[in-house]
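Grab a pencil and have a go at the exercises below before you read each solution. The sequence and the structure come first.

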Amino acid sequence: MAATAQSPSPTTTASAPSSMAAFGPCTQTEICRIIMKSPSKSCSLDPVPTFLVREVMDLLLPFVTEMVNASLRQGRLPTSQKHAVVTPLLKKPGLDTADMANFRPVSNLTYLSKVVERAVSVQLNEYLTDNGLLPRCQSAYRKQHSTETAMLKVWSDALVAADQRQVTLLALLDLSSAFDCVDHSILLRRLELHRGLTGSVRSLYLSGSRRALYTGTIPFRDVHCRAQRSCRRTRSDVASASDDCQIYIATPVSDASPAVIRLQECPCLVNNAWMSFSRLRLNHKKTEVIWLGSRQQLDKLSVQQVMVVSSPVIVSQVAPCCQQPRAQFGRHY
């Protein structure tokens, strides 16, 4: 992206304790399990509806398994599986339909490409989990973790702090167009050096990252976008899911001002030392900062503004967002 084009290139050193250069072949049982667990959704690019594939699975399973294994073995998808039907959907009801920024492109992929993706996901997650390569605070794209578990971690920590008569300063960070801004050369290098992904595993990412889009009356077009540290230096806690990140600090009310300074430093460190090098940017318009705690402690606070990467985030509302026996949450900035 133009806004980060002048940022210096990141320095990356090898740190992966293991490597994965190829996918293993899938058995018919594994492919059948993937298909039967998948939603029965179809794409207009599919030659036959998904429900029909499932009805005759006994006949098609050997062929589907061989097609999936061919993609895993060769490290690429067939050209026919790189297409998607894209539908622009409003992000929220009532938004101005004349503003293209209010729409989110939703891709409907071919069914076989999704089967390959799920087969890849199973093997990648096993490799990353077995070798301890998943970030501790990452709640997306892993078993028994979701946006709900990320929320529950933050919520639980805030309640514990409230029981200790502390308040929690929570910053909700968001990236600007993370999907579109990923620098693939940087990402691929980090996957290789930090996660040990090489060979046909790396090649399959390159193959899957180039998809032709179809939007009804517009012809196919090629695109090259596919996506994605904690703030230990500021002693902040972190929870994340996909491209969203939550940074929070629990503190006594008497130390609220130093806590604000620490929180302000964390997004600056992330933005300057990592995001800009990675060709990514924080979305200030979607950044929120909230005080969480009991009503008695919240009423003692005097901080009215928090700076997030040189942009002031000012009080937008003051209201408890949840009723708890021990604490009422929270105050928004």
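Helices (H or I, at least four residues) and strands (E, at least two) are DSSP runs, numbered from the N terminus. This is a predicted model, so local features need pLDDT of at least 70 and side-chain atom pairs count only at pLDDT 80 or more, while totals for chains, interfaces and linings use all residues. Residues are numbered from 1 along each chain as its sequence is written, and side-chain values use heavy atoms, with hydrogens and water left out.

**Exercise 1. Find the nonpolar patch on the surface and say which element gives the largest share.**

Step 1: get the rules straight. Patches are built from residues with over 30% relative accessible area and no salt bridge; like charges are joined within 9 Å, and nonpolar side chains (Val, Leu, Ile, Met, Phe, Trp, Tyr) within 5 Å. Accessible areas come from the Shrake-Rupley method with a 1.4 Å probe, and for residues only the protein chains shown count as cover. A salt bridge is a side-chain nitrogen of Lys or Arg within 4 Å of a carboxyl oxygen of Asp or Glu.

Step 2: list the members. They are Val 48, Phe 51, Leu 52, Val 56, Leu 59, Leu 60 and Phe 63, and together they have about 630 Å² of accessible area.

Step 3: assign them to elements. α2 (50-55) and α3 give two or more residues each, and α3 has the largest share, with three residues.

Step 4: check one member. Phe 51 is found in helix α2, and its relative accessible area of 47% makes it partly exposed. (Buried means under 20% relative accessible area, exposed over 50%, partly exposed in between, with a 1.4 Å probe and protein chains only.)

**Exercise 2. Describe the largest nonpolar core and the helices that build it.**

Step 1: define it. A nonpolar core is a set of buried Ala, Val, Leu, Ile, Met, Phe, Trp, Tyr and Cys residues joined through side-chain atoms within 4.5 Å. In soluble globular proteins, nonpolar side chains tend to be buried together.

Step 2: look at the members. The largest core has 25 residues, and those with the most contacts inside it are Phe 23, Ile 31, Ile 35, Val 68, Leu 72 and Val 115.

Step 3: find the suppliers. At least two residues each come from α1 (28-37), α3 (57-74), α4 (111-130) and α8 (199-208). α4 gives the most, with eight residues.

Step 4: zoom in on Ile 35. Skipping neighbours within four places in sequence, Ile 35 is in contact (heavy atoms within 4.5 Å) with Arg 54, Met 57, Val 64, Tyr 111 and Val 115.

Step 5: don't stop at one core. A second, separate core of 21 residues includes Leu 173, Ala 256, Leu 263 and Trp 291.

**Exercise 3. Thr 110 and Ser 80: which is buried and which is partly exposed?**

Step 1: place them. Thr 110 sits in the loop between β2 (103-109) and α4, and Ser 80 in the loop between α3 and β1 (83-90).

Step 2: read the accessibility. Thr 110 counts as buried because its relative accessible area is 2%. Ser 80, at 44%, is partly exposed.

Step 3: look for a shared partner. The side chain of Gln 81 makes a polar contact of 2.5 Å with that of Thr 110 and one of 3.2 Å with that of Ser 80. (A polar contact is a pair of N or O atoms within 3.5 Å; within protein, one must be able to donate a hydrogen and the other to accept it, and residues adjacent in sequence count only if both atoms are side-chain atoms.)

Step 4: add the surroundings. Leaving out residues up to four places away in sequence, Thr 110 touches Cys 43, Leu 45, Asp 46, Ser 80, Gln 81 and His 83. The C-alpha atoms of Ser 80 and Leu 45 are separated by 8.7 Å, although these residues are 35 apart along the chain.

**Exercise 4. How many salt bridges does a search of the whole structure find?**

Step 1: count. The search finds four.

Step 2: take the pair Glu 192 and Arg 202, whose side chains meet at 3.9 Å, N to O. Glu 192 lies in helix α7 and Arg 202 in helix α8, so the pair ties together parts that are ten residues apart in sequence.

Step 3: compare with another pair. Arg 73 bridges to Glu 66, with the closest N and O atoms 3.4 Å apart. Arg 73 is exposed at 52% relative accessibility, whereas Glu 66 is partly exposed at 44%.
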